[in-house]
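I opened this notebook to record what I looked up, entry by entry. The topics are the overall fold, the salt bridges and a few buried residues.

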Amino acid sequence: MSHRTVHLFRKGLRLHDNPTLLAAVESSQILYPVYILDREFVTSVMHIGALRWHFLLQSLQDLQKSLCQLGSCLLVLQGEYEPVLKAHIQKWNITQVTLDAEMEPFYKEMESNIRRLGEELGFEVLSLVGHSLYDTKRILELNGGSPPLTYKKFLHILSLLGDPEVPVRNLTAEDFQDKWFTCFPAALCCARALRAALAPALGVCNRAELSFSRRCRPPDLGLAECYRVPLPVDLNIPLESLSPWKGGETEGLQRLEQHLTDQGWVAHFTKPKTIPNSLLPSTTGLSPYFSVGCLSVRTFFYRLSNIYAQAKHHSLPPVSLQGQLLWREFFYTVASATPNFTRMVGNPICLQIPWYEDAEKLHKWKTAQTGFPWIDAIMTQLQQEGWIHHLARHAVACFLTRGDLWISWEEGMKVFEEMLLDADYSINAGNWMWLSASAFFHQYTRIFCPVRFGKRTDPEGKYIRKYLPILKNFPPKYIYEPWTASEEEQKQAGCIIGQDYPFPMVNHKEVSDHNLQLMKQVREEQQRTAQLTRDDTDDPMETKVKRGHSEDVSKGKVAKVME
Ligand code: FAD
């Protein structure tokens with residue numbers, strides 16, 4: 001059947017490897033590419049700060065531009081998604097809505113509401129998986145209906161599944177520009193006859209041009225002006241300092257290509273060897289683009305496979321680049337089938353810990369006033385740019401929770417959700433549980449020191465000097481602990497501790513010893529919960545570089561990396 005389709009973008013803001021959009025194009029005579037900006041919905045289900053709004057709007061703008069280049073356009077509808085969608089479905093006589101299947105409970109609920117609307121109004125709904133490498137339902141099935149709770153078990157299930165589906169072809173102008181339909185709207189009903197009659201007159205002889213049954217008409221381009229992508233100012237989003245990450249598929253693909261040119265770096269990528277306080281990201285920095293689907297993970301996965309195939313040696317999961325994508329997949333799988341995954345209470349895999357409630361301390365952590373320059377520099381980078389390195393996330397997350405402040409991981413997760421450009425329901429919660437040793441991570445006696453951790457990879461403190469310029473004149477020996485400098489030295493550095501920069505908010509040694517005892521007790525009392533996600537090889541910071549696994553890019557590769 002040839003549908004009149006609304007393709008509803010939620011994530012998946014891209015034209016490459018977009019299986020749902022491609023299916024929409026291939027099954028439609030006319031396609032309305034739509035994004036519904038429902039601010040009430042968004043702010044009711046997530047914390048989203050200014051930088052994330054900017055990134056999203058930039059991504060929509062880029063999508064709009066790319067669709068225009070193909071002869072189509074993006075229509076941004078504003079308001080409550082259900083009535084807005086209903087009104088436009090009726091107005092445009094829609095017979096099909098296509099949308100990516102998503103993992104988050106609120107997006108699942110949205111999909112069921114749309115399906116219900118479909119039954120009421122008589123349109124079909126098509127949803128396909130496009131945001132992850134695998135359909136997590138398949139993984140659950142293969143694991144007997146429940147999620148594998150350790151990375152090792154997860155990789156074992158993947159070895160049964162084989163490699164992910166290969167990316168689908170990119171959309172092109174051909175998909176949207178059908179001369180027949182645009183010139184002769186009547187041709188929609190008797191296209192074949194008209195084609196035969198008019199082809200000679202129009203000089204159309206190319207078979208590809210005639211096979212218009214697979215092409216679809218763009219919406220009336222006049223609509224584009226009524227439904228343009230809003231500017232931040234239209235939404236009263238403050239123009240804070242802009243992040244160096246610019247949203248959009250174009251930028252995401254450029255960054256991807258840039259990384260992939262350095263094949264040696266890609267092949268030997270070993271996550272624990274990357275540096276948390278380098279001034280430019282020492283990892284790919286692609287997470288914001290994966291997060292809203294400006295980049296396809298399958299595209300990245302297969303580009304990596306090709307590089308691995310040409311390399312003599314390459315690193316392996318959990319520390320390789322493909323291994324990172326599999327961590328993403330792991331958290332998606334567990335989150336998709338764990339009740340209350342983003343909360344402690346009612347979450348069966350999460351230790352129930354009596355965390356302190358302390359709004360003042362939480363505020364100091366969030367606003368970079370802990371008095372520990374390493375922690376405060378990281379929180380400043382997060383605030384200003386919306387991205388921090390994985391190990392930097394380790395440092396501040398451990399500090400907030402089991403390390404120093406004993407404040408709930410849920411509080412930290414909310415702050416990250418607001419500020420991170422890559423904020424993701426499943427990955428954020430999964431990693432916060434990990435760092436707070438509430439699930440997945442069990443070497444809880446390892447507590448990061450807020451002074452020594454950063455020093456190892458940046459003894460001069462260049463990172464701190466960049467993000468906390470008030471401290472920039474301290475000599476290296478004081479930059480991580482400026483309170484140990486004498487009064488005279490502080491004066492010389494132009495920064496008096498307690499006046500221009502705070503004293504450390506806690507005595508790390510004392511509080512971390514105390515917290516360790518608390519954690520020991522919790523784990524003794526809740527051994528059964530702790531065991532659920534326990535697997536001693538689950539530490540991604542463990543270095544594992546094996547040799548001679550590079551040749552196979554076809555099925556069974558995941559099995560090989562398990563050896
Ligand atoms: P790379 O090292 O280049 O990895 C490539 C891709 O693999 C990433 O873009 C990401 O999609 C995926 N990936 C890497 N590490 C992980 C991981 N540990 N878990 C799951 N996927 C991973 N990542 C998010 O994308 N969103 C979040 O909300 C998020 N919250 C986090 C919270 C905490 C407390 C911690 C410790 C980590 C969190 N991470 C989150 C995971 C990780 O830190 C980021 O994915 C990574 O730093 C992004 O940088 P990159 O793209 O350069 O990663």
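The entries below run from the whole chain to single residues.

**Entry 1, overall.** I note at the outset that this is a predicted model. I counted secondary structure and found 29 helices and 5 strands in the protein. I then looked up burial: 58% of the 563 residues count as buried. The accessible surface comes to about 23,700 Å², and carbon and sulfur atoms hold 53% of that surface. Among contacts with a separation of 6 or more, 77% are between residues 24 or more positions apart.

**Entry 2, salt bridges.** I recorded 18 salt bridges in the structure. I looked up three pairs, beginning with E102 and K11, whose closest N and O atoms are 3.5 Å apart. E102 lies in the loop between β4 (96-101) and α5 (105-121), and K11 in the loop between β1 (3-9) and α1 (19-26), so this pair ties together parts that are 91 residues apart in sequence. E102 has 7% relative accessibility and counts as buried; K11, at 9%, is buried as well. I also noted that K11, E102 and E104 are linked in a network of salt bridges.

The next pair is E141 and R138, with an N to O distance of 3.0 Å. Both residues sit in helix α6 (residues 136-142), 3 residues apart, about one turn of the helix. E141 is exposed at 53% relative accessible area, whereas R138 is partly exposed at 37%.

For the pair R255 and E251, I read 3.1 Å between the closest N and O atoms. The two residues lie in helix α13 (residues 249-261), 4 residues apart, about one turn of the helix. Both R255 and E251 are buried.

**Entry 3, R328.** I asked which side chain of opposite charge is nearest to R328. It is E329, 4.3 Å away, and R328 has no salt bridge although it is buried. The cut-off for a salt bridge is 4 Å, so a pair at that distance is not counted. R328 belongs to helix α17 (residues 321-336). Leaving aside neighbours within four places in sequence, I found R328 in contact with H131, S132, F290, V297 and I427.

**Entry 4, P276.** I located P276 in the loop between α14 (263-268) and α15 (287-291). P276 has 4% relative accessibility, under the 20% limit, and therefore counts as buried. Beyond its neighbours within four places in sequence, P276 is in contact with W374, H389, L391, A392, T457 and Y463. I also looked up F453, which is 177 residues from P276 along the chain; their C-alpha atoms are separated by 9.7 Å.

Definitions and conventions. Residues numbered from 1 in each chain as written. Predicted model: local features only at pLDDT ≥ 70, side-chain atom pairs only at ≥ 80, totals over all residues. Heavy atoms only, no water. Buried < 20%, exposed > 50% of the residue type's maximum accessible area, 1.4 Å probe, protein only. Contact = heavy atoms within 4.5 Å. Areas by Shrake-Rupley, 256 points an atom, 1.4 Å probe, with all protein chains shown as cover. Lys, Arg positive; Asp, Glu negative; His and termini not counted.
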